[in-house]
Amino acid sequence: QKQAEYVGYISASSASLLAIVNDILDLATVEAGAIVLDYTDADPARIVGAVTEGLADRMRARGLTMETKVAPGIGRFVADEKRLRQIVYNLVANAIEFSEEGGRITITVNRRDGMVEFVVADTGHGMPPDLVATAFERFESRSLGTGRGGAGLGLAIVKSFVELHRGTVAISSEVGRGTTVTVRLPPSPVTTAEAAE
C-alpha cells in the first residue's frame, strides 16, 4: 500500500513536470514564429465541456463548485480548437489553484460586439494591482500567502495563443474578491489577418 502511494506521488509529479516542459516548448515555438494554427469550425460548448470534465476531479478534491453559462445558439466559429481548449483549461486550472474550499468558478461564453467572449471568474484570493500588471509575464507566479504557486507559464501561454487568434485577454481582480479573466476572439481570425495585410 505504501509503495502504491509513492508511485502515485511519482506519477503526479511526472505529469506536472511534463506539463511544464510542454508549456515551455509551446512558448518557445510561438516566440520562434514556428507555430501554425489549425483552424476548424470550433464548438465553444464542446470545448468548455471537455475542460470541465478534465478538471472535475481537481474541483471535487478542492471542494469547489463550477457553473457554466454558454449562450444558447452561440454556434461555432473559426479557431484552432486544440489551442482554444488549452486557453480555457489554463484559465480554469489557474482559478482552481487560487481558490479555497467552498469557492465557485464560473465559465461564461457568449457573443458580444461581434466577438466570441470567454469569461472565467472565481471567488478566490484575488490579486493586488502589481501582480495584475505582470500576470501575463513568463515565470511570474506568487503564492499570495497560500503556499501555492506554479511555474508561472499558464497565463503567458493564454496570452500567446489569444494573440495568435488576433484576440485580446484582460484581467480584473481585487484582493479578497476574486479574479475575472476575459478572452475575446474574432469569429474568423483568418479573415481578420488577411484584412490587416
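This passage describes the fold, core, strand pairing, salt bridges and confidence of a predicted model of one protein chain.

The secondary structure of the predicted chain comprises 7 helices and 7 strands, and these elements succeed one another along the sequence in the pattern α-β-α-α-β-β-α-β-β-α-α-β-β-α. Of the 197 residues in the chain, 39% are buried. Among the contacts between residues at least 6 apart in sequence, 71% join residues that are at least 24 apart. The chain exposes about 10,700 Å² of surface, of which carbon and sulfur atoms supply 52%.

The largest nonpolar core contains 39 residues, and within this core the residues with the most contacts are F77, L84, I87, L91, V92, F118 and V183. Both helices and strands contribute to the core: two or more residues are given by each of α2 (44-54), β3 (77-79), α4 (81-97), β4 (104-112), β5 (115-122), α6 (154-164), β6 (168-174) and β7 (178-185). Helix α4 provides the largest share, with 8 residues. For V92, one of the residues with the most contacts inside the core, the contacts beyond neighbours within four places in sequence are with V51, L55, M66, I105, I107 and V120.

Strand pairing was examined around β4, which is joined to two other strands. Strand β2 (residues 65-70) runs parallel to β4 and is connected with it by 6 bridges, with V70 standing opposite V109 of β4. Strands β4 and β5, by contrast, run antiparallel and are joined by 8 bridges; in this pairing I105 stands opposite D122 of β5. The hairpin formed by β4 and β5 has 2 residues between the strands, and D113 there takes a positive phi near 55°. In a regular strand the side chains alternate between the two faces of the sheet.

The count of salt bridges in the model comes to 8. One of these is formed by the side chains of D57 and R60, with an N to O distance of 2.3 Å. Because D57 and R60 are 3 residues apart in helix α3 (residues 56-61), about one helical turn separates them, and both residues are exposed. A further salt bridge within a helix pairs K159 with E163, whose closest N and O atoms are 2.7 Å apart; these two residues lie 4 residues apart in helix α6, about one turn of the helix. K159 is partly exposed, with a relative accessible area of 30%, and E163 is likewise counted as partly exposed, at 45% relative accessibility.

Salt bridges that share partners also join R112, D113, E117 and R184 into one network. Within this network, E117 forms a salt bridge with R184 in which the closest N and O atoms are 3.2 Å apart. Since E117 lies in strand β5 and R184 in strand β7, the pair ties together parts that are 67 residues apart in sequence. E117 has a relative accessibility of 7% and therefore counts as buried, whereas R184, at 22%, counts as partly exposed.

Another acidic residue, E81, is found in helix α4. With a relative accessible area of 11%, E81 is buried. Leaving aside neighbours within four places in sequence, E81 is in contact with D38, T40, D41, A42, D43, R46 and I47.

Confidence varies along the chain, for which the mean pLDDT is 82 and 77% of the residues score at least 70. Strand β5 has the highest confidence, at 96, and helix α7 (residues 189-196) the lowest, at a mean of 49. Over residues 143-151 the pLDDT is below 50, although this stretch has 24 contacts in the model beyond near neighbours in sequence. The pLDDT also stays under 50 over residues 191-197, for which the model has 3 contacts beyond four places in sequence. Where pLDDT is low, the predicted coordinates should not be read in detail.

Technical notes: Residues numbered from 1 in each chain as written. Predicted model: local features only at pLDDT ≥ 70, side-chain atom pairs only at ≥ 80, totals over all residues. Heavy atoms only, no water. Buried < 20%, exposed > 50% of the residue type's maximum accessible area, 1.4 Å probe, protein only. Contact = heavy atoms within 4.5 Å. Areas by Shrake-Rupley, 256 points an atom, 1.4 Å probe, with all protein chains shown as cover. Core = buried A, V, L, I, M, F, W, Y, C linked by side-chain atoms within 4.5 Å. Pairing = 2+ DSSP bridges. Salt bridge = Lys/Arg side-chain N within 4 Å of Asp/Glu carboxyl O. pLDDT = per-residue confidence, 0-100.
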